[in-house]
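Q: I am new to this structure. Please take a close look at a single part of it and explain how that part sits in the rest.

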Amino acid sequence: MLGGTFDPVHLGHLRSAVELGEALALDAVHMIPAHVPPHRKAPGISAEHRLAMLEAGIGGTPGLLADDREVRRPGHSYSVDTLASLRQEWGDEARLVMAVGHDAFLGLPDWHQRERLLTLAHIVVIDRPDHEAPLEPLLASLIEGREVDSVASLMAAPAGSLLRLRLPSRMAIAATAVRRRLQQGLSVRYLIPEAVERYIAVHGLYREPGAGVRGLSE
């Protein structure tokens, strides 16, 4: 499970998903757009548009799935509910992994039913470039005795452990910066997939009044 707002999905998201699948030898990486994020302001772009952009960005990439279960579910998009749904779908013995960035990991103590998360899945913390911070006591207590240092140790059980993982590419692309460029009519070439760029242009997403669109014909 690799969740997020994907507002819009960019090459950093997609490359991380591919490298996550390779590093952990996963059968599938479910990329799941949040419908109503519980810990941040709701995106200005609808969940349906964000899902469609994700589908366009993934295209036929093996092992990546645009999963619409949070878009279909009413109310806040709590990860614990999504993991419970995935656990029901994959069965009790499947190795389930919830991948989060380091900044999201630091906020784990504020998540809904945080103690239940590790009964449903493992947590893999994806290192982000230039993003380091010490663990607060509540978070340190939450993961005490659960951290492992290898994929083999992680996969020894269906759930319950935590692994820190540094992906090879570590692409430092921020969706906030992509949105800003789109709003200003600046090029986003090589930041988002061309199929996503086309979708945004066709539907007129993110543009400020009077801003042009650069990139598609460059």
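A: What follows is a close look at helix 10, with its surroundings and the chain as a whole added for context.

The model is predicted. The protein chain has ten helices and seven strands, and helix 10 covers residues 194-203.

Four residues of helix 10 are to be looked at here: Val196, Glu197, Tyr199 and Ile200 are its buried residues. Around the helix axis they cover an arc of only 160°, so they lie on the same side of helix 10. The buried residues of helix 10 pack against two other helices, namely helix 2 (47-58) and helix 9 (175-183). Just after helix 10 comes Gly204, which has a positive phi of about 65°.

Helix 9 can be described along the same lines. Its buried residues are Ala175, Val178, Arg179 and Leu182. These cover an arc of only 100° around the axis, which means that they are on the same side of helix 9. Helix 10 is included in what covers the buried residues of helix 9. The contact can therefore be read from either helix: the buried residues of helix 10 pack against helix 9, and helix 10 is part of the cover over the buried residues of helix 9. Helix 9 is followed by Gly185, and the phi of Gly185 is positive, near 75°.

For a residue in another helix, take Ser85, which is placed in helix 4 (residues 79-90). Its relative accessibility is 26%, and because buried means under 20% and exposed over 50%, Ser85 counts as partly exposed. Between the C-alpha atoms of Ser85 and His49 there is a separation of 23 Å, with their positions 36 residues apart along the chain.

Now the whole chain. Of its 218 residues, 45% count as buried. Among the contacts with a separation of 6 or more, 73% come from residues 24 or more positions apart. The C-alpha trace spans about 55 × 35 × 30 Å along its principal axes. A compact globule with 218 residues would have a radius of gyration near 17 Å, and the 18 Å of the protein chain agrees with that.

The accessible surface of the protein chain is about 10,900 Å², and carbon and sulfur atoms hold 50% of that surface. The protein chain carries 23 positive and 27 negative charges, whose mean positions are 5 Å apart.

Key: Residues numbered from 1 in each chain as written. Predicted model: local features only at pLDDT ≥ 70, side-chain atom pairs only at ≥ 80, totals over all residues. Heavy atoms only, no water. Buried < 20%, exposed > 50% of the residue type's maximum accessible area, 1.4 Å probe, protein only. Arc of directions from axis to C-beta. Contact = heavy atoms within 4.5 Å. Rg over C-alpha atoms; globule rule 2.2 N^0.38 Å. Areas by Shrake-Rupley, 256 points an atom, 1.4 Å probe, with all protein chains shown as cover. Lys, Arg positive; Asp, Glu negative; His and termini not counted. Charge placed at Lys NZ, Arg CZ, Asp CG, Glu CD.
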